[in-house]
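User: I would like to learn how to read a structure from its overall build down to one helix. Can you take me through it?

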Amino acid sequence: MDFSFTEDQNALRDLARKILEDHVTHDRLKQVEAQPDWFDRAVWGELAKANLLGVSLPEDAGGSGLGLIELCVLLAEVGRVVAAIPALPALVLGALPIAEFGTAEQRQRYLPGVANGTSLLTAALIEVDNEEPARPLVTAKRDGANWRLDGIKTCVPAAHLAERLLVPARTGERTAGMFLVDPRAAGVELTRQQATNHEPQCRMTLSGALVTGGDVLGDPTGGAAIADWTVARALLGLCALQAGVTERAVQMTADYTKTREQFGRPIGSFQAVAHRAADMYIDAEAIRLTMWQAAWRLAAGLPAAEELAIAKFWAAEAGHRVVYAAQHLHGGIGVDIDYPIHRYLLWAKAIELTLGGATAQLLRLGAAMAQAA
């Protein structure tokens with residue numbers, strides 16, 4: 001069985017890597033991170049020019065018509081350079097559900113702007129004291145042909161940049177809908193938050209926010225299935241980012257331990273350092289392999305709930321081990337924010353905790369095993 005990428009997938013990876021490595025330097029990241037939007041528009045524009053932002057979007061909406069595998073290739077490259085761009089919110093959380101469940105009019109209205117880099121989308125999936133995006137606490141009530149939304153979402157990525165936010169909201173006792181909310185509309189209040197990696201996110205308060213009938217995604221009673229579909233791809237996207245983050249952390253640590261000398265020898269020649277670095281490599285490979293297993297199953301339309309939980313477990317648990325070992329093996333320079341390795345720790349921690357850490361994934365797997373027994 002051939003597990004290698006196709007020629008086109010390799011070309012996509014190489015193109016994305018060249019653009020990102022050419023533009024996302026340590027000095028450039030410091031400049032972008034100091035700006036309130038935390039958004040490198042120049043890099044985003046270069047990715048758009050190369051037709052990479054629309055890699056998984058349909059051709060009739062300005063995309064390339066490729067799939068999840070190619071999108072994960074791109075996300076892994078974003079993770080490798082920890083680029084300050086909203087790749088996961090825009091390309092996964094916002095664009096994919098509209099491409100899959102949107103009407104022809106919704107697809108033409110929202111997706112071309114994502115593909116050409118002129119507009120952004122995202123989703124508000126997280127609520128305080130609720131771990132099930134498909135069973136939201138936010139409510140939606142009919143107002144003629146429109147809807148009024150009330151409630152609170154938290155940790156909404158790229159909300160301050162987005163044209164629309166996909167918001168799951170309860171439409172009945174056991175039903176939910178998925179609504180495209182204008183973040184600038186009356187009744188929508190965004191309060192700035194900050195993720196572990198310093199990415200700006202938002203707490204969104206909805207107070208009778210109006211959503212027109214044309215901005216309901218799919219059936220207003222079928223939003224739970226859309227939310228579950230979106231969460232599955234969000235988990236995969238997080239794992240792809242983590243695969244890139246940890247791959248690069250391992251590489252940077254190997255390079256450092258080969259050149260940093262102590263007692264007249266490179267520290268990488270010491271057995272304890274070599275063993276720690278070997279464990280990092282094994283963990284990073286486990287993250288990569290479990291991610292691609294889940295990606296392949298999702299892309300093939302196969303059941304993938306258990307594979308996603310396994311991949312996210314490794315992304316969380318092993319990702320934590322990799323970046324902490326990277327910090328440790330870099331010694332004092334590892335905690336210097338003028339040295340780039342610290343970003344990989346912060347990114348890995350943010351990915352670890354988003355949409356459930358290692359314990360949450362083990363609980364999902366345990367519940368699935370108990371149900372199958």
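User: How many helices and strands are there in the protein chain?

Analyst: This is a predicted model. Its protein chain holds 11 helices and 10 strands.

User: What does the radius of gyration say about the protein chain?

Analyst: Set it against the value for a compact globule. With 373 residues, that value would be near 21 Å. The protein chain has 21 Å, so the two agree. Along the principal axes, the C-alpha atoms fill a box of roughly 80 × 50 × 40 Å.

User: What share of the residues is buried?

Analyst: Buried means under 20% relative accessible area. By that cut-off, 53% of the 373 residues are buried. The accessible surface comes to about 16,600 Å². Carbon and sulfur atoms make up 54% of that surface.

User: Which contacts join residues at least 24 apart?

Analyst: Start with contacts between residues at least 6 apart in sequence. Of these, 71% join residues at least 24 apart.

User: How many positive and negative side chains are there, and how far apart are their centres?

Analyst: There are 34 positive side chains and 43 negative ones. The centres of the two sets lie 3 Å apart.

User: Now one helix. What does α4 reach from its first C-alpha to its last?

Analyst: Compare the span with 1.5 Å a residue. Helix α4 covers residues 68–81, 14 residues in total. It reaches 20 Å, close to the 20 Å expected.

User: Is α4 mostly covered or mostly open, and what follows it?

Analyst: α4 is mostly covered, with 14 of its 14 residues buried. Val82 follows α4, and its phi is positive, near 40 degrees.

Terms used: Residues numbered from 1 in each chain as written. Predicted model: local features only at pLDDT ≥ 70, side-chain atom pairs only at ≥ 80, totals over all residues. Heavy atoms only, no water. Helix = DSSP H or I, 4+ residues; strand = E, 2+ residues; numbered from the N terminus. Rg over C-alpha atoms; globule rule 2.2 N^0.38 Å. Buried < 20%, exposed > 50% of the residue type's maximum accessible area, 1.4 Å probe, protein only. Contact = heavy atoms within 4.5 Å. Areas by Shrake-Rupley, 256 points an atom, 1.4 Å probe, with all protein chains shown as cover. Lys, Arg positive; Asp, Glu negative; His and termini not counted. Charge placed at Lys NZ, Arg CZ, Asp CG, Glu CD. Expected span 1.5 Å × (residues − 1).
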